[in-house]
Amino acid sequence: MDIFSAAVSLFLVFNVLGNIPFYIAVLKPYTPKRQKFILVRELLYATIILILFSFFGDALLEGIGISEGTLGVSGGIILLLIAITMIFPKHSEEGLPDHEPYIVPIAIPCMAGPGSITAVMLYSHTFDNLWATPLIILCAVVPSLLLLLVASNIKYLVGEKGLIAFERLGGLLICFIAIQMIASGSIKLVKDNFPSTTQQVEKVN
C-alpha cells in the first residue's frame, strides 16, 4: 500500500458523500458563512485528533497490551461493520444537537471515529516514514472539506439516490479493505504467537 491508496482508503472511511444529508441537517439552522466556519473548525479538530493517534496510539496500545496483529483484526472488523452500514444505510435526523456542533458530532465521531482512528494507527505501522501518516490524513481531510463546503450543490446535482449510490460504492470498497486488514492481522497474530509453527510451514513450502 502506498500513500495515495492509503489516503483514498481513509477518505472512503470518512464517507463524506454518504453523510452529506446528515451534515446538511446538522448545519441547517446556521447561515452559509457560519456553516463554512463550523466545517473548517471541526475538520481541523478531527485532523489534530487523528494525527495525535498516529503518533501516540502505539504507546497507548502497548500500555494496555494490544499487539499489531490484534489491532489489524479488530480494525478490519470495525471497518467491515462500517462498510455494512454504508451498503445498507439507515439515515435519520433524530438526536441532532439543538446547539452549535462543537467537536461532537462532526469532528467526533463522523470524521475521527473508530474506523478512521484504527486506520491511521495501522498506517503508522505500515509506513516507516514518521510523517507519512500525517500526510495521508491531510490528503484525505482536504478533499473531504472541499466536498462539505459545496455539500448543498452536490446534493442538488446528484440527489438523494445519487448520494446513496456513492455511499454504497464506498462501502463495497471499504469491505475489500477490511477483509485484507483482517487477513493480514490474522497472519501477524499467528506469526507472533506460534513462531515455531510458522517456521515449519515456511520450510514445507
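These legends walk through several close-up views of a predicted model.

**View 1. The second largest pocket and the helices around it.**
Let's start with an open space in the predicted model. The second largest pocket holds about 420 Å³ of space. Its lining is made up of 18 residues. If you want to find the middle of the pocket, look for L122, T126, Q180, M181 and S184, which lie nearest its centre. Which helices each supply at least two residues of the lining? They are α1 (3–14), α4 (68–87), α6 (114–126) and α8 (151–193). Of these, α8 gives the largest share, with six residues. The chemistry of the lining is mixed: eight residues are nonpolar, eight are polar and two are charged.

**View 2. T133, a buried residue in helix α7.**
Here we turn to T133, which you can find in helix α7 (residues 132–149). Is T133 buried or exposed? With a relative accessible area of 3%, T133 is buried, because anything under 20% counts as buried. Leaving aside residues up to four places away in sequence, T133 touches S54, V120, Y123 and S124. One of these neighbours, S124, deserves a second look: the side chain of T133 reaches the backbone nitrogen of S124 at 3.3 Å.

**View 3. The salt bridge between E100 and R34.**
How many salt bridges does a search of the whole structure find? The search finds four, and this view shows the one in which the side chains of E100 and R34 meet, with 2.9 Å from N to O. E100 sits in the loop between α4 and α5 (106–111), while R34 belongs to helix α3 (residues 32–63), so this pair ties together parts that are 66 residues apart in sequence. Both partners are partly exposed: E100 has a relative accessibility of 24%, and R34 has one of 33%.

**View 4. R41 and E100, and the network they belong to.**
E100 appears again here, with its side chain meeting that of R41 in a salt bridge (2.9 Å, N to O). Why does this pair tie together separate parts of the sequence? R41 is in helix α3 and E100 is in the loop between α4 and α5, so the parts that are joined lie 59 residues apart in sequence. R41 counts as buried at 12% relative accessibility, whereas E100 counts as partly exposed at 24%. Salt bridges that share partners join R34, R41, E42 and E100 into one network.

**View 5. A salt bridge within helix α8.**
Now find K188 and D192, whose side chains meet in a salt bridge at 3.9 Å from N to O. Where do the two partners lie? Both are in helix α8, four residues apart, which is about one turn of the helix. K188 is partly exposed, with 31% relative accessibility. D192 is partly exposed as well, with 41%. You may remember helix α8 from the pocket view, where it gave six residues to the lining.

**View 6. Two cis peptide bonds, each leading into a proline.**
Most peptide bonds are trans, so the bonds in this view are worth a pause. The peptide bond from V104 to P105 is cis, with omega near 5°. P105 is placed in the loop between α4 and α5. A cis peptide bond also joins I108 and P109, and here omega is about 5°. Where is P109 placed? You will find P109 in helix α5.

**View 7. N15 and I103, two residues with positive phi.**
Most residues other than glycine have a negative phi. N15, which is not a glycine, has a positive phi near 55°. N15 lies in the loop between α1 and α2 (20–27), and with a relative accessible area of 9% it is buried. I103 is also a residue other than glycine with a positive phi, in this case near 70°. The place of I103 is in the loop between α4 and α5. Is I103 buried or partly exposed? At a relative accessible area of 29%, I103 is partly exposed.

Key
Residues numbered from 1 in each chain as written. Predicted model: local features only at pLDDT ≥ 70, side-chain atom pairs only at ≥ 80, totals over all residues. Heavy atoms only, no water. 1 Å grid on protein atoms, 1.4 Å probe; cavity = no way out; pocket = protein on both sides within 12 Å on 5 of 7 lines; lining within 4 Å. Points joined across faces, edges and corners; volume = space filled by probe spheres on them. Nonpolar A, V, L, I, M, F, W, Y, C, P; charged D, E, K, R; others polar. Buried < 20%, exposed > 50% of the residue type's maximum accessible area, 1.4 Å probe, protein only. Polar contact = N/O pair within 3.5 Å; in protein donor to acceptor, adjacent residues only side chain to side chain. Contact = heavy atoms within 4.5 Å.
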